[in-house]
Amino acid sequence: MKMWVQTIRAVLGSLALAFATLGIAQAEDAGAQPMSPADQLPPDQEVSETAIELAGWILASRDAHGYPFAIIDKETAQILVFGADGRLRGAAPGLFGSARGDHTAPGVAGLALSAIPGRDRTTPAGRFVGGYGPSVDAGPVLWVDYESAVSIHPIAMVPRERRAERLASPTPDDNRITHGCINVSPEFYERIIQPTFARGGVFYILPDRDTIAETFPDFAQSRTARRASN
């Protein structure tokens, strides 16, 4: 538990610095949470500078338009969840598509999971506006991108795939196992994901092959300009 607290404090401290640099009015509130955010990240695992800078830009530009949002980093296998007020609500490891790539192959959404070719089992990168909606066989699902059938849901208990063990491992090296959807622990889903995105939200998925400029051009331009002025 002590290491979890240290991780969250490090994230909040880095975000507060980013907010101050960007001149965000909420900067002072970033480190003064009314309740402790949930942290399921492995001990000593750091949050990428890109994810922290993206969070600051989202708040500064109001890109989420007042909705809660999540930053999903495939390279570090992390999910950072923020409320509509911009406060960090939780951080956790996630499982992602077994194939590297930032785009969804045409027609994949209409295939049964077992019929999706291995090369097409990707988690797409980009900015997505999603929310809960119906599914064919699983009831209401939190769709990140309905068109490509990518959702966030608790891990499936398939013993041979060891998904719980993969989430708990200290590195992101074994977190690529799904058909494209994003998996989190049942506890994090119920405590953080479900209530935060009950009315929808915005999901920012960082690329693992495309550049940041290709995926988030406005953010990339802002970051370049800010770095040039420092």
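Hi everyone. Helices and strands here are DSSP runs, at least four residues for a helix and at least two for a strand, numbered from the N terminus. With that in hand, H65 can be placed: this histidine lies in the loop between α2 (49-61) and β2 (69-73). Please keep in mind that we are looking at a predicted model.

Let me stay with H65 for a moment. Its phi is near 55 degrees, a positive value in a residue other than glycine. Most residues other than glycine have a negative phi, which is the reason I picked this one out. Is H65 buried or exposed? H65 is exposed, because its relative accessible area is 63%, and the cut-off for exposed is over 50%.

Now a step back to the whole chain. The protein has six helices and 11 strands. Of its 230 residues, 51% count as buried. Its accessible surface comes to about 11500 Å², and carbon and sulfur atoms account for 53% of that. As for contacts, take those between residues at least 6 apart in sequence: 67% of them join residues at least 24 apart.

Back to the helix just before H65. α2 has 13 residues and reaches 18 Å from its first C-alpha to its last, close to the 18 Å expected at 1.5 Å a residue. Which residues of α2 are buried? They are A51, I52, E53, L54, A55, G56, W57, I58 and L59. Just after the helix, R62 takes a positive phi of about 55 degrees.

L59 also gives us a link to another loop. A84 lies between β3 (78-82) and β4 (88-93). A84 and L59 are 25 residues apart in sequence, and their C-alpha atoms are 9.8 Å apart in space. Leaving out residues up to four places away in sequence, A84 touches G66, Y67 and P68. A84 counts as partly exposed, because its relative accessibility is 45%.

Next, please turn to the strands. I'd like to look at β7, residues 141-145. How many of its five residues are buried? Five of the five are, so β7 is largely enclosed by the rest of the structure. Strand β6 (residues 126-133) pairs with β7 in the antiparallel sense, over three bridges. Within that pairing, G133 has V141 of β7 as its bridge partner. β7 is also joined by three bridges to β8 (residues 150-154), again running antiparallel. There, L142 has I152 of β8 as its bridge partner.

β7 and β8 form a hairpin with four residues between them. In the turn, A149 has a positive phi of about 60 degrees. Further along we meet another positive phi: R162, in the loop between β8 and α3 (163-168), has a phi near 50 degrees. R162 counts as partly exposed, because its relative accessibility is 42%.

Let's move on to helix α4, residues 186-196. Its buried residues are F188, Y189, I192, I193 and T196. Why do they line one face of the helix? Seen down the axis of α4, the buried residues fall within an arc of 125 degrees, so they line one face. The spacing is a familiar one: an α-helix has 3.6 residues a turn, so residues three or four places apart point the same way. On the face turned away from the buried side, α4 carries the exposed residues E187 and E190.

I'll finish with two side chains towards the end of the sequence. T215 is found in helix α5 (residues 212-215). T215 is buried, because its relative accessible area is 15%, and buried means under 20%. Its side chain reaches the backbone oxygen of T211 at 3.0 Å. Not counting residues up to four places away in sequence, T215 touches A125, G126, I205, P207 and D210. G126 takes us back to β6, which covers residues 126-133.

The other one is S229, in helix α6 (residues 217-229). Which backbone oxygen does the side chain of S229 reach? That of R226, at 2.7 Å. S229 counts as exposed, because its relative accessibility is 58%, whereas T215 is buried.

Thanks for listening, and I'm happy to go back to any of these places.

Key
Residues are numbered from 1 along each chain as its sequence is written. This is a predicted model: local features need pLDDT of at least 70, side-chain atom pairs count only at pLDDT 80 or more; totals for chains, interfaces and linings use all residues. Side-chain values use heavy atoms; hydrogens and water are left out. Buried means under 20% relative accessible area, exposed over 50%, partly exposed in between (1.4 Å probe, protein chains only). A polar contact is a pair of N or O atoms within 3.5 Å; within protein, one must be able to donate a hydrogen and the other to accept it, and residues adjacent in sequence count only if both atoms are side-chain atoms. Contact means heavy atoms within 4.5 Å. Two strands pair if DSSP finds at least two bridges between them. Accessible areas come from the Shrake-Rupley method with a 1.4 Å probe; for residues, only the protein chains shown count as cover. The arc is that of the directions from the helix axis to the C-beta atoms. The expected span of a helix is 1.5 Å times one less than its number of residues.
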